[in-house]
Amino acid sequence: MNILNLWSLGHFIQWTFLGRFLISNWYVFVLLSVGWELLELVLPYEFAIETWENKVSDITVNTFGFYLGLKLRNES
């Protein structure tokens, strides 16, 4: 499994959108982003099975996406 994959692009686009239009609070972002990665540890679905490196990569990509979304929000 690659650390960056098509799911990473989806995460980036999702969090950019959320940061731009819906959420502006970093605490809510961390709760949702990290909370989802922790929830994936117990979900019985194949998409939730991934390495720790991929989980860290997901959170990193989420952070960059959310940051970009906030920047786009502040520029309008």
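Visitor: Is the crossing of α2 and α3 left-handed or right-handed?
Guide: The crossing of α2 and α3 is right-handed (the near helix is turned clockwise from the far one by less than a right angle; anticlockwise would be left-handed). Helices here are DSSP runs of H or I with at least four residues, numbered from the N terminus. This is a predicted model, in which local features need pLDDT of at least 70 and side-chain atom pairs count only at pLDDT 80 or more, while totals for chains, interfaces and linings use all residues. Residues are numbered from 1 along each chain as its sequence is written, and side-chain values use heavy atoms, without hydrogens and water.

Visitor: At what angle do α2 and α3 cross?
Guide: Helix α2 (residues 26–40) and helix α3 (residues 52–75) cross at roughly 155 degrees, and their axes come within 11 Å. α2 is therefore roughly antiparallel to α3 (an angle over 145 degrees). Axes are lines fitted to C-alpha atoms over the stretch in contact, with angles from 0 to 180 degrees between N-to-C directions.

Visitor: Which residues of α2 meet α3?
Guide: W26, F29, S33, V34, E37 and E40 of α2 meet residues of α3, including K55, I59 and F66 (heavy atoms within 4.5 Å).

Visitor: And α1, at what angle does α1 pack with α3?
Guide: The angle between α1 and α3 is about 35 degrees, and their axes lie 7 Å apart. The crossing of α1 and α3 is right-handed.

Visitor: Which residues of α1 take part?
Guide: Among them are H11, F12 and W15, and the partners in α3 include D58, V61 and L72.

Conventions: Helices (H or I, at least four residues) and strands (E, at least two) are DSSP runs, numbered from the N terminus. Angles under 35 degrees count as roughly parallel, over 145 as roughly antiparallel, 65 to 115 as roughly perpendicular and the rest as oblique.
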